[in-house]
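Got the viewer open? Here are a few exercises to work through, each with its solution.

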Amino acid sequence: GDEYTVVVQGTIELSAEGREARLVSAGEAYHIPRGLAHETKNGGDTPARLVHVFVVDKGKQLIQPVAK
């Protein structure tokens with residue numbers, strides 16, 4: 001489903017299929033549309049905290065891992 005995220009603390013590196021990787025810092029938010037393969041990892045020297053909201057169809061999987 002769709003993912004809505006707010007970075008509460010620290011910085012993350014967001015990589016999404018077909019898009020250039022970017023840093024997202026505390027106070028910033030992003031949206032990942034349904035079906036877009038993506039990855040996040042800590043992009044800074046301190047712990048990162050995020051708040052995620054997933055909007056999925058009833059009875060469907062929250063996430064679907066993809067092979068690298």
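Before starting, one cut-off: a residue is buried under 20% relative accessible area, exposed over 50%, and partly exposed in between. Also keep in mind that this is a predicted model.

**Exercise 1.** Find the salt bridge in the whole structure and work out which parts it ties together.

*Solution.* Start with the search: one salt bridge turns up in the whole structure. The partners are the side chains of Arg34 and Asp57, at 3.1 Å from N to O. Now place them: Arg34 sits in the loop between β4 and β5 (38-42), while Asp57 is in the segment after β6 (49-55), so the pair links parts 23 residues apart in sequence. Last, apply the cut-off. Arg34 has a relative accessible area of 45%, so it is partly exposed. Asp57, at 40%, therefore falls into the partly exposed class.

**Exercise 2.** Work out which residues make up the largest nonpolar core, and which element gives the largest share.

*Solution.* List the members: Val7, Ile12, Leu14, Ala16, Val24, Tyr30, Ile32 and Leu36, eight residues in all. Next, sort by element: β2 (11-16) and β4 (29-32) each give two or more. The largest share, three residues, is from β2. Then zoom in on Ile12: beyond four places in sequence, its contacts include Val7, Val24 and Tyr30.

**Exercise 3.** Which residues form the covered face of β4, and which strand pairs with β4 over four bridges?

*Solution.* Split the strand by face: Tyr30 and Ile32 are on the covered side, Ala29 and His31 on the uncovered one. Then look sideways: β1 (residues 2-9) pairs with β4, antiparallel, over four bridges. For one of the bridge partners, take Val6, which is matched with Ala29 in β4.

Notes:
Residues are numbered from 1 along each chain as its sequence is written. This is a predicted model: local features need pLDDT of at least 70, side-chain atom pairs count only at pLDDT 80 or more; totals for chains, interfaces and linings use all residues. Side-chain values use heavy atoms; hydrogens and water are left out. A nonpolar core is a set of buried Ala, Val, Leu, Ile, Met, Phe, Trp, Tyr and Cys residues joined through side-chain atoms within 4.5 Å. Buried means under 20% relative accessible area, exposed over 50%, partly exposed in between (1.4 Å probe, protein chains only). Contact means heavy atoms within 4.5 Å. Two strands pair if DSSP finds at least two bridges between them. A salt bridge is a side-chain nitrogen of Lys or Arg within 4 Å of a carboxyl oxygen of Asp or Glu.
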